[in-house]
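Please examine the structure shown below before reading on. The paragraphs that follow lead through it step by step.

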Amino acid sequence: MELTAGILAGGKSSRMGQDKALLKTEGETFLERSLKLFGSMEEFGELLVSAAEKKEYEEICTRARKQVGAAGKHVGLALDGRQGYGPLEGVYRLLQASQNEWVFVAAVDMPCISREAVRYMLRCEREGAQAVLPQTQGRIHPLFGLYAKSTIPAIEEMFRQEVHKMGRMQEWISVKKVELSEGGLPETVLSNVNTPLEYEKMLQREKGGSHESSGYYIQ
């Protein structure tokens, strides 16, 4: 089954103080690393980037399109239509734009994601579910998992009710909850980089040659 990879690049990044999608590590932006990761996986025939506005994203997508186009993969932007709804708006636009029934959504600021983690989620049973999301210590993580197009009406109802929080989606849709530990994956897979201090620590680990917490290193 062919899938769409949806990268959530938009956002205010208020705690970071700058656009996290454009932060660099080893000469590449977080967004470029994410596109490289999903573009290297045969499961995905389409790569979409969710963003509040085009910014430099359009140029990055154009370069990615040249890299993966030979493999028949489509690369595109899905721009927000409304402000103030955060990642919920991003997921909505990704689902609308997707050529496929299922979209694997991942936030751009998660440096520990890997092919192994993505494929573990893809192998999970989806029958009867509209979303497949990881759970750790009883907490759902909505920014790393699969969403079906059938969730669109539910998200539109959330908009009508002025509900903005991704975590509340499970009140409107059927969610398959997956324990990462059952797949032998550490909880750090879901770690993200939110502040300048966290970003600096990530860079220091890379300088020290420790890649264990950085899934962007494609293996």
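The model is a predicted one, and the account may begin with a single cysteine. C124 counts as buried, because its relative accessibility is 14% and the limit for a buried residue is under 20%. Does C124 have a partner for a bond, and where is the closest cysteine sulfur? That sulfur belongs to C112 and lies 19 Å from the sulfur of C124, which is too far for a bond. A disulfide requires two cysteine sulfur atoms within 2.5 Å. By this rule the structure has 0 disulfides. Another cysteine, C61, is also buried, with a relative accessible area of 1%.

The next element to find is strand β9, which covers residues 144–148. How many of its residues are buried? The count is 5 of 5, and the strand is therefore largely enclosed by the rest of the structure. Two strands that pair with β9 can be traced. Strand β6, residues 102–107, runs antiparallel to β9 and is joined to it by 5 bridges. Within this pairing, A106 stands opposite F144. Strand β7, residues 131–136, also pairs with β9 in the antiparallel sense, here over 2 bridges. In this second pairing, V132 of the model has L146 in β9 as its bridge partner. As a general point, side chains in a regular strand alternate between the two faces of the sheet.

Helix α5, residues 152–160, offers another view of burial. Its buried residues are I152, A154, I155, M158 and F159. Why do they belong to the same side of α5? They cover an arc of only 160° around the axis, and this places them on the same side of the helix. On the other side of α5, P153 and R160 are exposed. The general rule behind such a pattern is that an α-helix has 3.6 residues a turn, so residues three or four places apart point the same way.

Finally, attention may turn to empty space. Rolling a probe the size of a water molecule over the atoms shows where such space is left. The structure holds 1 cavity of 30 Å³ or more. The space in the largest cavity is about 50 Å³. Which residues line the largest cavity? They are L133, I140, Y147, M166, G167, M169, Q170, I173 and V175. By class, this lining consists of 7 nonpolar and 2 polar residues, with no charged residues.

Methods. Residues are numbered from 1 along each chain as its sequence is written. This is a predicted model: local features need pLDDT of at least 70, side-chain atom pairs count only at pLDDT 80 or more; totals for chains, interfaces and linings use all residues. Side-chain values use heavy atoms; hydrogens and water are left out. Buried means under 20% relative accessible area, exposed over 50%, partly exposed in between (1.4 Å probe, protein chains only). Helices (H or I, at least four residues) and strands (E, at least two) are DSSP runs, numbered from the N terminus. Two strands pair if DSSP finds at least two bridges between them. On a 1 Å grid over the protein atoms alone, a cavity is a set of points where a 1.4 Å probe fits but cannot get out, and a pocket is an open set with protein on both sides within 12 Å along at least five of seven lines; lining residues have an atom within 4 Å of a point. Grid points are joined across faces, edges and corners, and a volume is the space filled by probe spheres set on the points. Ala, Val, Leu, Ile, Met, Phe, Trp, Tyr, Cys and Pro count as nonpolar, Asp, Glu, Lys and Arg as charged, and the others, Gly among them, as polar. The arc is that of the directions from the helix axis to the C-beta atoms.
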